[in-house]
Amino acid sequence: MSTHDMAKPDTAEPVAGGVEPMVRAENVHKSFGAAHILKGIDLEVAPREVCCLIGPSGSGKSTFLRCINHLEQINAGRLWVDGDLVGYRQRGDRLHELRDREVAAKRRDIGMVFQRFNLFPHMTAIENVMEGPVQVKREAKAAARERAAALLERVGLADKAGSYPSQLSGGQQQRVAIARALAMEPKLMLFDEPTSALDPELVGDVLDVMRGLAEDGMTMIVVTHEMGFAREVGDSLVFMDDGVVVESGHPRQVLGDPQHERTRTFLSKVL
Ligand code: ADP
Ligand code: MG
């Protein structure tokens, strides 16, 4: 199929008019070898929007987040983040593939929080939060420490600054991971099932931190099975199945009056 051959887009310009979306996907395809995983994703996320992404295991949710975050290259279609075509830079009217260094710079603007917390085990909470600003942004240590302390306070962990990950609960580690992502001052936060690995009683604290971020106007894409969060915090809810967006809309509308049988079947299993 022709979608497996990456045709270089002929222009970097997203559709003009209105507010520029923070994320815009247009017929995005992704294959791993012969396995066609994303089969034409169309999606738009506006600045300050909280977009919740749901769907069965294996439907391509993580793969799509990884494409947004430059961890995977798409095979066809076009994907923009903050007005820039992912993977390319435009010079004159020609598009050039980004170099590794340029990709790394783009990735700094996107925070990602995974199911597993991925903290550095040999560093304290505050050192984990300072690491990016000091090592990547060359921020002075004293200033980075001050900001990290404020971020730990924001996620409710001011008193855990000196604790190592092994001394923290899963929920506390996940909140440190969120603070660490925020330390890079991202324009966009991607959450990939951030509470799925947590004991049920620890989920609420993490969701509260995410709710606070949403209230502060952070643009977020959240892959989650927490339908309560999607309903209360989400501006939009996107249901993906088998590599496509089956339906999307306001969370109350999608949850309360799903239009497609596949959505109804999925929701009957998770609600
Ligand atoms: P979801 O997050 O919705 O559960 P994923 O995006 O993780 O789905 O995976 C979708 C499909 O893509 C799965 O069948 C998975 O095995 C496959 N897949 C994901 N990453 C790779 C990879 N690097 N190589 C091969 N197959 C992959
Ligand atoms: Mg996944």
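**Exercise 1.** Which residue in β9 does M112 stand opposite?

*Solution.* Keep in mind that this is a predicted model. Start with the strands: β8 and β9 (residues 188-192) run parallel and are joined by 4 bridges. Now look across from M112, and you land on L190.

**Exercise 2.** Work out where β8 sits in its sheet, and what packs there.

*Solution.* First, read off the strand order of this open, mixed sheet of 6 strands: β8-β9-β10-β3-β11-β12. β8 (110-113) and β12 (244-249) each have a single partner strand, so they stand at the edges with one side lacking a neighbour in the sheet. From one strand to the next, the twist averages 20°. Next, find the helix: α5 packs on the sheet and touches β8 and β9, its direction making about 170° with that of β8. Finally, check how covered α5 (residues 170-182) is: 13 of its 13 residues are buried.

**Exercise 3.** Take the salt bridges of K39 and R262, and say what each one ties together.

*Solution.* The structure holds 18 salt bridges, so let's pick these two. K39 pairs with D242, with the closest N and O atoms 3.1 Å apart. K39 belongs to strand β2 (residues 35-45) and D242 to the loop between β11 and β12, so the bridge ties together parts 203 residues apart in sequence. K39 is partly exposed at 31%, and D242 is partly exposed at 44%.

Now R262: its side chain meets that of D241 at 3.1 Å, N to O. This pair connects helix α9 (residues 261-270) with strand β11, so parts 21 residues apart in sequence are tied together. R262 is partly exposed at 39%, whereas D241, at 17%, counts as buried.

Definitions and conventions: Residues numbered from 1 in each chain as written. Chains lettered and ligands numbered in written order. Predicted model: local features only at pLDDT ≥ 70, side-chain atom pairs only at ≥ 80, totals over all residues. Heavy atoms only, no water. Helix = DSSP H or I, 4+ residues; strand = E, 2+ residues; numbered from the N terminus. Expected span 1.5 Å × (residues − 1). Buried < 20%, exposed > 50% of the residue type's maximum accessible area, 1.4 Å probe, protein only. Pairing = 2+ DSSP bridges. Axes fitted to C-alpha atoms, helices over the stretch in contact; angles between N-to-C directions. Contact = heavy atoms within 4.5 Å. Salt bridge = Lys/Arg side-chain N within 4 Å of Asp/Glu carboxyl O.
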